[in-house]
Amino acid sequence: MATETRLATSTTYVLKRIGLAAAAVGLGGIILLNADAFLLYVVGGALAIGGVAMVIMPVVVGFGGIGPCPICGSILESNDPSQKNLLCKGCTSYIDAENKNLRKSSEDRITQVPVFAAPTPWSDLRLVLSPTIALSTQDYVANLLMSKKGSVRMLPAQWPKACCVCGKAPKKVEKYARTIMVPPSGIGVRDTETVVAAEDVPYCEAHSGGIQFDTIHFSNPENDAAFAILFRSLSYRNEFMRLNGWSWGA
Ligand SMILES: [Zn+2]
Ligand SMILES: [Zn+2]
């Protein structure tokens with residue numbers, strides 16, 4: 001493939017956006033007309049304004065569209081002409097759209113929050129339940145791991161020997177854990193709650209809290225979802241994938 005490809009505005013893409021916008025305005029309108037509480041006015045108003053914005057925004061910044069991945073040729077969908085960090089389902093590369101050109105994201109990119117997704121060995125996992133862990137993280141994690149002992153899954157990962165945020169020499173390790181729902185294997189069986197966890201995550205002195213387990217969406221037109229471990233550093237994520245060799249499957 002060429003190192004750079006182009007986004008094209010597709011009719012299905014535009015229709016999908018207009019349909020979504022109309023649905024948001026319609027739903028917002030219905031809520032506003034029937035609202036009898038302040039919160040409902042807020043929700044209805046937000047939906048209606050959001051719907052209108054979905055139509056106005058593309059007119060201002062231009063429509064996104066679909067185009068072939070410059071690495072593998074799989075079709076990618078971008079919501080605007082310059083959307084960063086699109087995740088290709090075909091080759092798991094990160095791709096940037098810039099003025100409708102698609103090219104590989106820069107390997108040295110580091111985001112403020114964990115964004116770059118890598119597969120885990122747990123293909124049965126689905127929804128992430130608990131809110132993002134914030135206060136006294138390491139205490140929270142320790143408590144969670146203790147109290148949920150029986151239903152904890154520890155990620156059997158090999159960690160690249162570098163801070164998972166900035167790539168400097170590691171000076172400490174951290175644990176991470178999150179509660180999620182596991183879908184049932186049979187019909188009529190309820191979801192079960194489990195804790196997914198990671199330990200020995202390497203950090204330099206300055207960094208901490210740089211990973212996250214979450215459900216992610218690929219940037220293909222179908223918007224397929226998968227369970228992933230997210231990193232702030234793209235190069236660390238790539239190295240993690242090489243070391244562990246897990247995949248999201250076909
Ligand atoms: Zn690709
Ligand atoms: Zn660091």
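# Close-up views of the predicted model

**Figure 1. The cover of the buried residues of α4 includes β5, β7 (116–118) and β12 (225–231).** The model shown here and in the following views is predicted: local features require pLDDT of at least 70, side-chain atom pairs count only at pLDDT 80 or more, and totals for chains, interfaces and linings use all residues. Residues are numbered from 1 along each chain as its sequence is written, while chains are lettered from A and ligands numbered from 1 in the order in which they are written. Helices (H or I, at least four residues) and strands (E, at least two) are DSSP runs numbered from the N terminus; the protein has 4 helices and 12 strands. Helix α4 spans residues 234–244, and its buried residues are Leu234, Tyr236, Arg237, Glu239 and Phe240. A residue is buried if 20 or more other C-beta atoms lie within 10 Å of its own, exposed if 12 or fewer do, and partly exposed in between, with C-beta atoms placed from the backbone. By this criterion, 27% of the 250 residues of the protein count as buried. Glycine 245, just after α4, takes a positive phi of about 65°.

**Figure 2. Domain 1 (5–104) touches domain 2 (116–244).** The bounds come from an automatic or database domain assignment. A distance of 27 Å separates the C-alpha centres of domain 1 and domain 2. Across the boundary, 11 residues of domain 1 are in contact with 9 residues of domain 2, where contact requires C-beta atoms, placed from the backbone, to lie within 7 Å. On the side of domain 1 that touches domain 2, β3 (75–78) and β4 each supply at least two residues. Strand β3 gives the most to that side, with 4 residues. By class, this side of domain 1 holds 7 nonpolar, 2 polar and 2 charged residues; Ala, Val, Leu, Ile, Met, Phe, Trp, Tyr, Cys and Pro count as nonpolar, Asp, Glu, Lys and Arg as charged, and the others, Gly among them, as polar.

**Figure 3. An open sheet of 4 strands follows the order β1-β6-β5-β4 with antiparallel pairing.** Strands β1 (5–6) and β4 (86–87) stand at the edges with a single partner strand each, so one side of each is left without a neighbour in the sheet. Two strands pair if DSSP finds at least two bridges between them. Strand β4 is joined to β5 (residues 94–98) by 2 bridges, and the two run antiparallel. Tyrosine 94 in β5 is the bridge partner of leucine 87.

**Figure 4. Asparagine 85 and asparagine 99 have positive phi values.** Asparagine 85, in the loop between β3 and β4, has phi near 60°. With 16 C-beta neighbours inside 10 Å, asparagine 85 counts as partly exposed. Asparagine 99, in the loop between β5 and β6 (101–104), has phi near 50°. With 9 C-beta neighbours inside 10 Å, asparagine 99 counts as exposed. Most residues other than glycine have a negative phi.

**Figure 5. Strands β2 and β3 form a hairpin with 6 residues between them.** Strand β2 (residues 65–68) runs antiparallel to β3, and 4 bridges join them. Serine 78 in β3 stands opposite glycine 65. In the turn, glycine 73 has a positive phi of about 90°. Glycine 73 has 14 C-beta neighbours inside 10 Å and therefore counts as partly exposed. From C-alpha to C-alpha, glycine 73 and glutamate 193 are 38 Å apart in space, with a separation of 120 residues in sequence.

**Figure 6. Strands in the order β8-β10-β9 form an open sheet with mixed pairing.** The edge strands, β8 (152–154) and β9 (172–182), each pair on one side only. From one strand to the next, the twist averages 25°; axes are lines fitted to C-alpha atoms, for helices over the stretch in contact, and angles run from 0 to 180 degrees between N-to-C directions. Strand β8 pairs with β10 (residues 192–203) in the parallel sense over 3 bridges. The bridge partner of arginine 153 in β10 is valine 196. Helix α3 (residues 137–147) packs on this sheet and touches β8, β9 and β10, its direction making about 55° with that of β9.

Definitions and conventions. Contact = placed C-beta atoms within 7 Å.
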